[in-house]
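Here is a quick tour of the structure below, one element at a time. Keep the viewer open and follow along.

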Amino acid sequence: GRRNHHQTTTMTTMASAPPAPSLQFSTLLGSTIETILHELLYSRSIYPPDSFTLHRHLGVRCHASRVPQVGDYIADFLRVAIPSIVSGA
């Protein structure tokens, strides 16, 4: 009874704990650079305008490519780049 309730509460609290500040920074930096890259592709007409959709990043309306390979390429690049940027390597 009582012991299980405490364990469940502890596990729920731990699962919902906020991420570490460095993880928050990495996530914010990554999503911001991702948005910038998509917006550059759109504004420089690298891909047709109709291959983009509108979305919001931090309350700002931006374009994002709807082409899965473009999104995957940017995401793969950022998986390598963001840790290097954050660590200063």
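## Helix α2, end to end

Start with a length check on α2: 23 residues at 1.5 Å a residue should span 33 Å, and the end C-alpha atoms sit 32 Å apart, so the two agree. Bear in mind that this is a predicted model. After α2 comes S45, with a positive phi near 55°.

Which residues of α2 are buried? They are S26, L29, G30, T35 and H38. As for what they pack against, the buried residues of α2 meet β1 (52-57), β2 (60-65) and α3.

## H38, a buried histidine

H38 belongs to helix α2 and has a relative accessible area of 5%; it counts as buried because the cut-off is under 20%. What does the side chain of H38 reach at 2.9 Å? That would be the backbone nitrogen of S65.

Beyond that polar partner, H38 has a fair list of neighbours to click through. Setting aside residues within four places in sequence, H38 is in contact with F52, H63, A64, S65, V70, G71 and I74.

## L40, on the same helix

L40 is also a residue of helix α2, which runs over residues 21-43. Its relative accessibility is 42%, so L40 goes down as partly exposed, the class between 20% and 50%. If you want a distance to check in your viewer, the C-alpha atoms of L40 and A64 are 9.7 Å apart, with their positions 24 residues apart along the chain.

## The nonpolar core

Now for the greasy part. The largest nonpolar core is made of 5 residues, namely L29, V70, I74, L78 and I82. Which helix gives the most to this core? α3 does, with 4 residues.

I74 is worth a click of its own, as one of the core residues. Leaving out neighbours within four places in sequence, I74 is in contact with E34, L37, H38 and L41. The H38 contact also turns up when you start from the histidine, where I74 is listed alongside V70 and others.

## One aromatic pair

How many aromatic pairs does the structure hold? There is 1. The rings in question are those of Y42 and F52: their centres are 5.3 Å apart and their planes meet at 75°, so this is an edge-to-face pair, given that anything over 60 degrees counts as such. Since Y42 is in helix α2 and F52 is in strand β1, the pair ties together parts that lie 10 residues apart in sequence.

Are the two partners buried or exposed? Y42 is partly exposed, at 27% relative accessibility, whereas F52 is buried, with a relative accessible area of 7%. F52 is also among the contacts of H38.

## One salt bridge

Searching the whole structure turns up 1 salt bridge. Which side chains form it? D76 and R79 do, with N to O at 2.5 Å. Both residues sit in helix α3 (residues 68-87), and because they are 3 residues apart, about one helical turn separates them.

As for their surroundings, D76 is partly exposed with a relative accessible area of 42%, while R79 comes out as exposed at 57%. The R79 label follows because exposed means over 50%.

Conventions. Residues numbered from 1 in each chain as written. Predicted model: local features only at pLDDT ≥ 70, side-chain atom pairs only at ≥ 80, totals over all residues. Heavy atoms only, no water. Helix = DSSP H or I, 4+ residues; strand = E, 2+ residues; numbered from the N terminus. Buried < 20%, exposed > 50% of the residue type's maximum accessible area, 1.4 Å probe, protein only. Salt bridge = Lys/Arg side-chain N within 4 Å of Asp/Glu carboxyl O. Expected span 1.5 Å × (residues − 1). Contact = heavy atoms within 4.5 Å. Polar contact = N/O pair within 3.5 Å; in protein donor to acceptor, adjacent residues only side chain to side chain. Core = buried A, V, L, I, M, F, W, Y, C linked by side-chain atoms within 4.5 Å. Phe/Tyr/Trp six-rings, centres within 6.5 Å; stacked < 30°, edge-to-face > 60°.
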